[in-house]
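Trainee: I've got a structure to look through and a few questions for you. Can we go over it together?

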Amino acid sequence: MAARSGERAFVLLGLLHQGFHAYAESLPSAVRHEWEKVAGRFDEIVFDQPLAHTAALVSGALNIDLRRVPDPVCAAARRTANAAAAAGWIGSAKRNVETFSSGRTYPIHPTVLPAVVRFFARFGQHERSLFGFLLSTEPFGIQSFSNRPIDPGTWYDLSEFYDYVRAVFGHKLAGASYRNQWLRILETIDATDDLSPLAERLLKAIGVLNLLDADDLAANQPALVAAFAPKKEREVEAALKELMEAGLVFRRGQHGTFRLWPNSSVDLEGAFQTASRALGPLASVADGLLPYLDREPLLARRHYVESGTMRYFEVRYAKIDALSKVAAKETDADGLVVIVLPDGEADRAAAIEASASPLFAERRDVVLGIPKPLRSLAVELQDLKRWRWVAENTPELSGDAYALAEATRQSAAVHRALNAKAAKLVGTQGAAVLETDWFLAGKKVALPKRGGASALLSEICDGLYPQSPLIANELLNRNSLSSAAAAARMRLIEGLFTSGDKPFFGMDAEKAPPEKSMYLSVLQKGGIHVPDGHGMKIVEPETKVDVLRLRPALGAILAKIERAHGGRVSVAEILAELKGRPFGVRAGVAPLLLAILLQTRGHELAVYEHGTFLHRMRAADFLRLTKSPATFEIQHCLVEGIRIEVFNHLASAFAEGVADDRRPDLLDVVRPLCQFAAQLPESTRRSTALSGAAIAVRDALLSAREPVVLLFQDLPQACGIGKFDPGDAPNASIVTGFVTSLQDAIGEMRGAYPALLERIVASVSESIGEDKKTFDRAKLAARAARVTLAAREPRLRTFALRLRDLGLSEETWAEALASYVVSKPPARWIPGDETRFCEEISALAELFKKVEAAAFGGGGDMPNPMAVRLNLTRGDGVDLVRVIEPRLKEDAATAELFGVFNNLLPKDQQARIDVLARMLWSELGGKHEAGADVINAVQPANSRAAQ
């Protein structure tokens, strides 16, 4: 939104409780990277209110009239402020001490305010809870305490604040994730009796500080003495001793922090000493520090904001003896930040010397950081290793939850101390960046005053990728697309190939699918999809208006293909070149750039998959390309020598759909020819009835692998001409003969299927008894309609129904009839199916004529269902045929006659059939004597008399 706001900038201001990174600290690394991309769009203005400012707010809220404050109280205020400053709780700045020592915050003890601010930041609502504490009538609050008389010894200290926390926040603390610690504190304090008043107040103060568990508010002896000033130090020490002797507080850690918890059966101090002896002295800080260092990648933020491409550098740490190995290891990041971990000055000097070696001097993508020696971290690192040894090697901890929690707490505290100290010496954030010497390409570099390490990386990326596309689309401009973004990109590419003439590729202008944002940010803004006189078209951006800097990457793709001089170039190699310098194109963008080039240069670029030429690039093909680019190749088609003359003749004959503003190219001829061959019916593609030249041309087109080889070698050889080499002398007659032969072969293939349908019709008319020269479908349909009435056999009836259908065109009627007879459409016939059709149609036609003769032999339009067609065939092939219509009535006399005749016949079935056959043969006019001539007694369909 801000990027498109034009001259009048749109500014988005957000007020956050924490920095951007703090919101994503607990999220996975991938999500944090996404959050960093959002953070990169904003300039952070950190508002960290000092304690003095908070004290001023408190002073204003209390509105103390210093003229009415007794001098002894003011003197006590100065003593308490100095004690708090000495403990490090309010800082050492003069302004802080003056604010608290002036008495303006009376009766709040100076050590209470840091704890109050920390408590409300963690468990409350910051200043809102603070002012409720100051001005409300909540129990144990400031307003309640203010009823006490003014006295130098009357202060609202940490013990008073404990009572307030318990009364107002106790129910919240008991139900939160830290309830175990709070309930332990309650249990310890509530179980006390017979303590002196000061010891009881000290116990409550320690309880509050244990609850906060902050490193800078530790409950050690100096802090507790300051917390109860102006009481004398010896009084506080005596009260602490009383608590320790009662087993209520325990001194833990090297800093002597006091903790509340019941007696433990584990001697942690003894275990710690055992760990010291077991581990021995620390040999190397670098070895021990490696597991605890932050390895978050560094983002080149400014470069990302300006280019739209998020580039990051992997952070690696290395000891001086492993520096070369660590730096040489491959990375998927855009660069490396290698930080040396020197134990001493000798290691640091060796690292500075290594920065000038070829490994670093010849690489512009590797930044070498050399911090100060790290021996100052030895104490914290050794303590951390010891506490971890205690946790891992003290079995008694498993049965003592309190001791285990304390060991864990001590380990965490030392870890925090180590991180805090290490952050000032080594790393990529905060003060460590300024304390580190940075080297790039063998030379020491200074960090930019604004932006630190991120600004340096942005400068490096500007130099490494000066021709990177400027695409501000987070869905697309990345290496790993989400499934939704990948699908949106494929829909966009599909529109690029199929709907380039439509605005928005046919997308609804009122809707906003993800592919539309890609369209707007790349194709429309980049000048790829532009209007022309009739609609829209896909073009390459002009140099002068290449606002997205797409031409360098597009030009690099084309140049790489042209450098092959007609050879094939793997798509994987093209994508690898785009990924490298100086382009740095992300994997999500590269396929879209390739699709743009294939669309604008499709007439000169041939695409191959597994070595096979794709005569037409579709979205489905491109989807396979994105998934497996190594199986695809691209070729630039060149024409020279005599081939130019051949091509010109072929273009005149076959080139289709060439725009008026350009000359035909090689693929303008190859694509129509290959598409013609691919669209041929299967019967034509497999036919053996074509001429030899047509078959050779057909096979060459169907097996084409390279456009140049197809046009100038395979097709000429198929036409009997021979191949055309670039060095051959011009010969117009040979070229003309080749083109003519090719046109004849194409014409023969184009007419093969219609000729097949004509032969089908001729075969039907001949078999059915019609004159094929004067074939009349209407007359045949009338005959078929009559047969339909009489036919009961399913196959014959269906055949007759097909014959009588006058609603179909000649071709469709022939296809339907042939499909029924052979059970396969004629377009899919293979050699032999036509012969089978002729045989099947002859048998069906013969049955058709027989039924027609039997049912309609007596004339009329209605068939006689009781008529019988009798056909006797003798072994020598002589046929006797008679259509017999019943003459006898179905009455008692007929039945009696039938019974008499039946009784005269032999009882054996075979003998009865023999007698009946002889009688029928004799009655039909034949003679059964051996050797006698037999008359062919086949009757015509319309005759009822025997010959």
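Mentor: Sure, and let's settle one term before we start: buried means under 20% relative accessible area, exposed means over 50%, and partly exposed is in between. Keep in mind that this is a predicted model.

Trainee: Then how does M919 count: buried, partly exposed or exposed?

Mentor: M919 sits in helix α40, residues 909-923. Its relative accessibility is 38%. Partly exposed covers values between 20% and 50%, so M919 counts as partly exposed.

Trainee: Which residues make the nonpolar surface patch with M919?

Mentor: A residue needs over 30% relative accessible area to be in a patch, and M919 has 38%. The patch is about 230 Å². Its makers, M919 included, are F901, L916 and M919.

Trainee: Going inside, which helix gives the most to the largest nonpolar core?

Mentor: Nonpolar side chains tend to be buried together in soluble globular proteins. Here the largest nonpolar core has 62 residues, and F119, F120, F133, F161, I206 and L243 have the most contacts inside it. The top contributor to this core, with 10 residues, is helix α10 (residues 197-212).

Trainee: And how many residues are in the second, separate core?

Mentor: That core includes A488, M536, F622 and F632. Its residue count is 50.

Trainee: Which aromatic residues are linked into a cluster by ring pairs?

Mentor: Start with F120: leaving out residues up to four places away in sequence, F120 touches several residues, among them F133, F161, Y164 and F169. Those names turn up again in the ring cluster. The cluster links F119, F120, F133, F145, Y156, F161, Y164 and F169.

Trainee: How far apart in sequence are the parts that F272 and W387 tie together?

Mentor: A ring pair is described by the distance of the centres and the angle of the planes. For F272 and W387 that gives 4.9 Å centre to centre and 40° between the planes, a tilted pair. F272 is buried at 5% relative accessible area, and W387 is buried at 4%. F272 lies in helix α13 and W387 in helix α19, so the parts tied together are apart in sequence by 115 residues.

Trainee: Last one: what share of the chain's residues is buried?

Mentor: The chain has 40 helices and 16 strands. Its accessible surface comes to about 48,200 Å², with 53% of that belonging to carbon and sulfur atoms. Out of 947 residues, the buried share is 44%.

Technical notes: Residues are numbered from 1 along each chain as its sequence is written. This is a predicted model: local features need pLDDT of at least 70, side-chain atom pairs count only at pLDDT 80 or more; totals for chains, interfaces and linings use all residues. Side-chain values use heavy atoms; hydrogens and water are left out. Patches are made of residues with over 30% relative accessible area and no salt bridge: like charges are joined within 9 Å, nonpolar side chains (Val, Leu, Ile, Met, Phe, Trp, Tyr) within 5 Å. Accessible areas come from the Shrake-Rupley method with a 1.4 Å probe; for residues, only the protein chains shown count as cover. A salt bridge is a side-chain nitrogen of Lys or Arg within 4 Å of a carboxyl oxygen of Asp or Glu. Helices (H or I, at least four residues) and strands (E, at least two) are DSSP runs, numbered from the N terminus. Buried means under 20% relative accessible area, exposed over 50%, partly exposed in between (1.4 Å probe, protein chains only). A nonpolar core is a set of buried Ala, Val, Leu, Ile, Met, Phe, Trp, Tyr and Cys residues joined through side-chain atoms within 4.5 Å. Contact means heavy atoms within 4.5 Å. Rings of Phe, Tyr and Trp (its six-membered ring) pair if their centres lie within 6.5 Å; planes under 30 degrees apart count as stacked, over 60 as edge-to-face and the rest as tilted.
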